[in-house]
Amino acid sequence: MKAIWGIDLGGTKIEGVVLESRQNPIVLSRIRIPTEREKGYEHILNQIQLLLSKLSAETGLKPEKLGICTPGTLDPITGRMKNCNTTCLNDQALDKDLIGKLGIPVILMNDANCFAMAEAQMGIVPDIMPEAKIVFGVIMGTGLGGGIVVNGQVLNGRQGIGGEWGHMFLDESGGPCYCGMRGCVETVISGPFLEKYYSSFSGITRSLPEIIDRHQNASDEAATNTVERLLHFFGKGIAQVINVLDPDVIVLGGGLGNIDLLYTQGVEEVKKHVFNLRLDTIFLKPKLGDSAGVFGAALLE
């Protein structure tokens, strides 16, 4: 059994892990170093190389290949990065440049796909439903994304946008999205847009956790309107994913995934829009927390 290596390339930190094997994913080494993205693209490549050398020094092993969780997507057609919030990565041939620098095969996958892979392979899914064949991993927070795992493999798609449910059309009331479209799921039920919606009713700025608390205390009509909007459109949005993929399991990650109402009233809303007489899809909270990205990267092949 061979050790597997993964890196989570974030905006502020780069984290690397070496796992004993795919069959026995025990952590042999786990190290974080700063990304220092303000120093540019070449510096990030050097930081990845530095991190690998630290992992090698700690384990006495050398990587045969490397999986990397990225903040954007490698376009399968152009071979260049896109949609990265670490903007110096955009339009770069990141995998080829790293292969040239490191001398080993490199596999890139975006953070939502790595999240889905990790939870499907070594997270909550094996604990609750090990027989699951199709897993949809959702990230709901400042933005909305998703990843699809089928029979243990990421379904990335021809354009590298498989699972990007955050930019499906949901409702015109969401208004313009940064992507250039209008009414995307992200503009309706992401954290910042829900907070904006609340503020438009109340004239007061509050965080989403405060809004949820005020709704549950029945002390704030604007908070209740905001939570009802979330639950209603969560149901409509997720139901469309279910109607297309019919996953065994949906794992709800990101900050909004901690909202207990999504697993009760939210699921009831989903039932209203699924093309079936019942809803058999299992909704789960994630298990791995911020480890999902780096573990998912190590599991890529």
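Visitor: Which residues count as nonpolar, charged or polar here, and how many of each are in the lining of the largest pocket?
Guide: Ala, Val, Leu, Ile, Met, Phe, Trp, Tyr, Cys and Pro count as nonpolar, Asp, Glu, Lys and Arg as charged, and the others, Gly among them, as polar. The model is a predicted one. By these classes, the lining of the largest pocket has 13 nonpolar, 22 polar and 6 charged residues.

Visitor: Which residues lie nearest the centre of the largest pocket?
Guide: This pocket has a volume of about 1,200 Å³. Its lining draws at least two residues from each of strand 1 (4-9), strand 4 (66-70), helix 3 (111-122), strand 8 (134-140), strand 9 (144-150) and helix 10 (292-298). The lining comes to 41 residues, and those nearest the centre are P71, N85, D111, A112 and I139.

Visitor: What is the make-up by class of the lining of the second largest pocket?
Guide: About 160 Å³ of space lies in the second largest pocket. Among its lining residues are K2, W5, R22, G67 and E301, and strand 1 and strand 4 each supply at least two. Sorted by class, the lining holds 6 nonpolar, 1 polar and 5 charged residues.

Visitor: Is I148 buried or exposed?
Guide: I148 sits in strand 9. Away from its sequence neighbours, I148 is in contact with residues including N113, A116, V135, F136 and L245. Its relative accessibility is 6%, and the cut-off for buried is under 20%, so I148 counts as buried.

Visitor: How many Å separate I148 and G203, C-alpha to C-alpha?
Guide: I148 belongs to strand 9. Along the sequence, I148 and G203 are 55 residues apart, and in space their C-alpha atoms are separated by 39 Å.

Visitor: Is F295 buried or exposed?
Guide: F295 is part of helix 10. Not counting residues up to four places away in sequence, F295 touches V17, L19, V27, R30, A118, M122 and L288. Because its relative accessibility is 8%, F295 counts as buried.

Visitor: Which residues does S56 contact, leaving aside its neighbours within four places in sequence?
Guide: S56 lies in helix 1 (residues 41-59). With 10% relative accessibility, S56 counts as buried. Its contacts outside that sequence window are W5, L61, K62 and P63.

Visitor: What span does helix 8 reach from its first C-alpha to its last?
Guide: Helix 8 covers residues 221-245, which is 25 residues. At 1.5 Å a residue the expected span is 36 Å, and the helix comes close to that, reaching 36 Å.

Visitor: Which residue has a side-chain oxygen that reaches the backbone nitrogen of A222?
Guide: The contact is found at the start of helix 8. The oxygen comes to within 3.0 Å of that nitrogen, and it belongs to D220.

Visitor: What phi does D246 take?
Guide: D246 comes just after helix 8. The sign of its phi is positive, and the value is about 50 degrees.

Visitor: Is A218 buried or exposed?
Guide: A218 is in the loop between helix 7 (208-216) and helix 8. Although not a glycine, A218 has a positive phi of about 55 degrees. Its relative accessible area is 68%, and the cut-off for exposed is over 50%, so A218 is exposed.

Visitor: What is the phi of D91?
Guide: D91 lies in the loop between strand 6 (81-82) and helix 2 (94-102). At 53% relative accessibility, D91 counts as exposed. D91 is not a glycine, yet its phi is positive, at about 70 degrees.

Technical notes
Residues numbered from 1 in each chain as written. Predicted model: local features only at pLDDT ≥ 70, side-chain atom pairs only at ≥ 80, totals over all residues. Heavy atoms only, no water. 1 Å grid on protein atoms, 1.4 Å probe; cavity = no way out; pocket = protein on both sides within 12 Å on 5 of 7 lines; lining within 4 Å. Points joined across faces, edges and corners; volume = space filled by probe spheres on them. Helix = DSSP H or I, 4+ residues; strand = E, 2+ residues; numbered from the N terminus. Expected span 1.5 Å × (residues − 1). Polar contact = N/O pair within 3.5 Å; in protein donor to acceptor, adjacent residues only side chain to side chain. Buried < 20%, exposed > 50% of the residue type's maximum accessible area, 1.4 Å probe, protein only. Contact = heavy atoms within 4.5 Å.
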